[in-house]
Amino acid sequence: MKANPSCNLQIDYSGMTGERRLPFVISLNLEDSILTPSENEHQKFCYDIVGVGNDQPQDADLNHLLFGICPFIKEEDIVDLSVSINDDPQTILWGENAEIKTAENPDHPTGCIGLKLDFPLNKINGYMKVCFSLRTVYTIGPVNVCLFGGNTTATGLTVCGPVCGSSESCESIFYQKESICVPVTITPYATPGTATATCCGTPIIRQGTTCGGEQTSCTFTVTQNLCIEIPISFGAAIETGAASVQCGNVSEEPCDCSETPEEIPTEVRDRRFFLR
């Protein structure tokens with residue numbers, strides 16, 4: 001599934017300069033991720049972490065890393081978490097090798113926040129795969145990936161991940177019964193074909209310049225009954241007016257969706273509307 005183009009599908013810390021570096025490439029695995037889940041699926045993010053370093057003192061092995069997920073996500077919001085190293089599944093122990101670090105309790109010693117995974121990885125061809133599923137569908141955007149190893153921290157590069165805000169929109173369907181009238185005008189026409197003259201007998205020759213008869217043309221009527229087939233398609237063009245919004249108070253706390261405006265009855269908010 002294609003991710004949001006405003007975020008990176010892959011980041012590379014191997015190009016960072018300094019006395020020590022953490023030579024690891026982190027990629028969002030689109031094949032195994034479920035970014036836009038169906039009704040019976042959870043949103044799922046899978047990442048590949050690959051060591052691309054050399055056997056030299058400047059390069060350091062990975063000690064642990066953090067994915068900077070939306071701070072509203074708690075441990076209970078993650079329905080599934082898996083880690084494998086070199087295709088070997090690891091045992092997840094929340095509070096020991098997996099935890100969520102917050103702004104009030106950041107990671108030591110990096111100071112980073114997010115989903116912390118305390119699994120070491122070799123700098124040379126080490127391969128780690130991380131997958132986690134969420135109860136709620138989140139917007140896909142840039143999240144910070146923080147690495148620590150060899151007493152050095154690598155941070156500041158962002159990859160596509162779950163950011164605050166739901167990707168689902170509130171949708172209502174409305175129906176209105178209408179009786180449509182349209183005037184129909186039928187204009188008959190008759191198109192003559194090509195006239196054909198056939199000689200009847202031999203010509204009669206008379207002396208002089210006067211022709212017999214007083215009329216210069218002959219007229220007659222033809223009556224034909226018609227059955228007119230009239231196909232008419234009925235439909236409606238829909239135009240919406242300008243949207244308006246009533247702004248509430250700004251808070252660092254999550255929205256309390258249990259509160260409903262007094263002017264909108266709860267029983268109306270919880271179902272679709274049908275106008276007759």
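Both Asp107 and Lys116 are buried in this predicted model. The two residues form a salt bridge with each other, and their closest N and O atoms are 2.8 Å apart. Side chains of opposite charge can pair when their charged atoms come close. The structure holds 4 salt bridges, and three of these pairs are set out below.

| Salt bridge | N to O distance |
|---|---|
| Arg21 and Asp59 | 2.4 Å |
| Lys129 and Asp32 | 2.3 Å |
| Asp107 and Lys116 | 2.8 Å |

The pair of Arg21 and Asp59, joined by a salt bridge, links distant parts of the chain: Arg21 belongs to the loop between β1 and β2, Asp59 to the loop between β3 and β4, and 38 residues separate them. Arg21 and Asp59 are both buried.

The salt bridge between Lys129 and Asp32 also connects distant parts of the chain, with Lys129 in strand β9 and Asp32 in the loop between β2 and β3, 97 residues apart. Asp32 has a relative accessibility of 27% and therefore counts as partly exposed.

**A buried charge without a salt bridge**

Which charged residue is buried yet has no salt bridge? This residue is Asp48, which is found in strand β3 (residues 43-52). The nearest side chain of opposite charge is that of Lys129, 5.3 Å away. A salt bridge requires the nitrogen and the oxygen to lie within 4 Å. Asp48 does take part in polar contacts: its side chain meets that of Asn29 at 3.1 Å and that of Tyr127 at 3.0 Å. Leaving aside its neighbours within four places in sequence, Asp48 is in contact with Val25, Ile26, Ser27, Asn29, Tyr127, Met128 and Lys129.

**The sheet around strand β3**

Strands of a sheet pair through backbone hydrogen bonds, either parallel or antiparallel. In this model, an open sheet of 6 strands follows the order β1-β2-β3-β9-β5-β6, and the pairing is antiparallel. The edges are formed by β1 (10-12) and β6 (88-89); each has a single partner strand, so one side of each is left without a neighbour in the sheet.

How many bridges connect β3 and strand β9? These strands pair in the antiparallel sense over 9 bridges, β9 covering residues 124-134. Within this pairing, Ile49 has Met128 of β9 as its bridge partner. On β9 there is also antiparallel pairing with strand β5 (residues 78-85), through 7 bridges; here Ser84 has Lys129 as its bridge partner. Towards one edge of the sheet, β1 pairs with strand β2 (residues 24-28) over 3 antiparallel bridges, and Asp12 has Val25 of β2 as its bridge partner.

**The nonpolar core**

The largest nonpolar core contains 40 residues, and those touching the most other members are Ile49, Phe67, Leu117, Met128, Phe132 and Leu147. At least two residues of this core come from each of β2, β3, β4 (64-67), β5, β8 (114-117), β9, β10 (138-149) and β11 (152-166). Which strand gives the most to this core? It is β10, with 5 residues.

Ile49 and Met128 are thus linked in two ways: they are bridge partners, and both are among the core residues that touch the most other members. Phe132 is another of these core residues. Leaving aside neighbours within four places in sequence, the contacts of Phe132 include Phe45, Tyr47, Ile69, Ile78, Leu81, Leu115 and Pro162, together with Gln43, Lys44 and Asp80.

Technical notes:
Residues are numbered from 1 along each chain as its sequence is written. This is a predicted model: local features need pLDDT of at least 70, side-chain atom pairs count only at pLDDT 80 or more; totals for chains, interfaces and linings use all residues. Side-chain values use heavy atoms; hydrogens and water are left out. Helices (H or I, at least four residues) and strands (E, at least two) are DSSP runs, numbered from the N terminus. Buried means under 20% relative accessible area, exposed over 50%, partly exposed in between (1.4 Å probe, protein chains only). Lys and Arg count as positive and Asp and Glu as negative; His and the chain ends are not counted. A polar contact is a pair of N or O atoms within 3.5 Å; within protein, one must be able to donate a hydrogen and the other to accept it, and residues adjacent in sequence count only if both atoms are side-chain atoms. Contact means heavy atoms within 4.5 Å. Two strands pair if DSSP finds at least two bridges between them. A nonpolar core is a set of buried Ala, Val, Leu, Ile, Met, Phe, Trp, Tyr and Cys residues joined through side-chain atoms within 4.5 Å.
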